[in-house]
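Work through the exercises below with the structure open. Try each task before reading its solution.

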Amino acid sequence: MSLAGLVGRAPGVALRGLAATCPLPVLSRRAVHQLQPRLTAPRCAWSCQHQRHSSHEYPRPSFEPRIAHYEQRVRNSFADQPAMKTIGATITEVSPGQVSVLLPLATHLGQQNGFLHAGVVSTALDSACGYAAYSLMDAVSAVLTAEFKISLCSPANGDLLCVGTVVKPGRTLSFVEGRAINKDTGKLVATMTATIMAVRRPELNV
């Protein structure tokens with residue numbers, strides 16, 4: 001059997017075919033495997049490349065809010081953030097355990113290539129995650145971010161829809177996932193995992 005005949009076969013089959021025509025075991029199973037062409041790249045279920053997203057891919061979580069006016073409280077708190085005014089971010093949707101924030105593309109928020117700066121994307125996505133957790137907190141809790149990790153998947157070259165979704169709520173710590181999506185193309189721009197803390201402030205009671 002020629003080397004060409006080995007290409008495309010499973011390593012074990014190729015090795016048996018080789019042994020039938022060659023008296024010496026010149027190729028190991030690993031070596032035969034390395035001769036096979038790599039026709040496709042490894043695929044990852046959460047790969048950032050070539051993904052398209054739309055709102056229907058983010059079903060609302062089935063959580064019950066602890067206060068009836070959770071939506072108004074989230075919107076009021078968001079409006080109190082000077083940073084959100086600076087970057088032009090606005091809340092577009094609030095539901096129990098999920099918040100969407102729109103971040104428009106603006107030249108004064110860009111980096112050297114004209115894309116939205118990673119720090120600005122992080123800021124908007126952090127707020128989406130934080131307020132998603134806040135929507136499930138009780139009346140005497142304020143919200144703070146304890147930790148987050150962001151992965152930047154593609155250039156932010158358009159308006160972004162930042163969606164924060166609670167994975168596991170807790171009395172003190174909540175775990176949230178975030179996605180930043182190009183609003184026009186549906187392309188995934190960034191992902192975030194965040195740990196959000198509820199800070200007890202009885203004087204709030206709002």
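## Surface and burial

The chain has an accessible surface of about 11900 Å², and carbon and sulfur atoms account for 57% of that. The model is a predicted one.

**Exercise 1.** State what share of the 206 residues of the chain counts as buried.

*Solution.* Take the cut-off first: buried means under 20% relative accessible area. By that rule, 40% of the 206 residues are buried.

**Exercise 2.** Find where the confidence of the model is below 50.

*Solution.* Start with the whole chain. Its mean pLDDT is 81, and 70% of the residues reach 70 or more. Then go to residues 1-25, where the pLDDT is below 50. This stretch has 23 contacts in the model beyond near neighbours in sequence. Next, check residues 35-51. There, too, pLDDT stays under 50, and the model has 15 contacts beyond four places in sequence.

**Exercise 3.** Lay out the secondary structure in order from the N terminus.

*Solution.* Count the elements: six helices and six strands. Now order them: α-α-α-α-α-β-β-α-β-β-β-β. Finally, look at the contacts between residues at least 6 apart in sequence. Of these, 64% join residues at least 24 apart.

**Exercise 4.** Dissect the largest nonpolar core and name the element that gives the largest share.

*Solution.* The core has 40 residues. Ile87, Val99, Val101, Leu103, Leu160 and Cys162 touch the most other members. Next, list the elements that supply at least two residues each: helices H4 (70-79), H5 (82-87) and H6 (118-134), with strands S1 (90-95), S2 (98-103), S4 (160-168), S5 (173-182) and S6 (188-200). H6 gives the largest share, ten residues.

Now zoom in on Val101. Beyond four places in sequence, its contacts include Phe78, Ile91, Ala124, Ala128, Leu160 and Cys162.

**Exercise 5.** Compare the span of H6 with the expected one, then say how many of its residues are buried.

*Solution.* H6 has 17 residues. From first C-alpha to last it reaches 24 Å, close to the 24 Å expected at 1.5 Å a residue. Burial comes next: 14 of the 17 residues are buried, and H6 is mostly covered.

**Exercise 6.** Decide how many disulfides the structure holds, and check Cys129 and Cys162.

*Solution.* The structure holds zero disulfides. Cys129 is in none; its nearest cysteine sulfur, that of Cys162, is 8.8 Å away. A disulfide needs sulfur atoms within 2.5 Å, so this pair does not qualify. Now check the surroundings. Cys129 is buried, with a relative accessible area of 0%. Cys162 is buried as well, at 0%.

Technical notes
Residues numbered from 1 in each chain as written. Predicted model: local features only at pLDDT ≥ 70, side-chain atom pairs only at ≥ 80, totals over all residues. Heavy atoms only, no water. Core = buried A, V, L, I, M, F, W, Y, C linked by side-chain atoms within 4.5 Å. Buried < 20%, exposed > 50% of the residue type's maximum accessible area, 1.4 Å probe, protein only. Helix = DSSP H or I, 4+ residues; strand = E, 2+ residues; numbered from the N terminus. Contact = heavy atoms within 4.5 Å. Expected span 1.5 Å × (residues − 1). pLDDT = per-residue confidence, 0-100. Areas by Shrake-Rupley, 256 points an atom, 1.4 Å probe, with all protein chains shown as cover.
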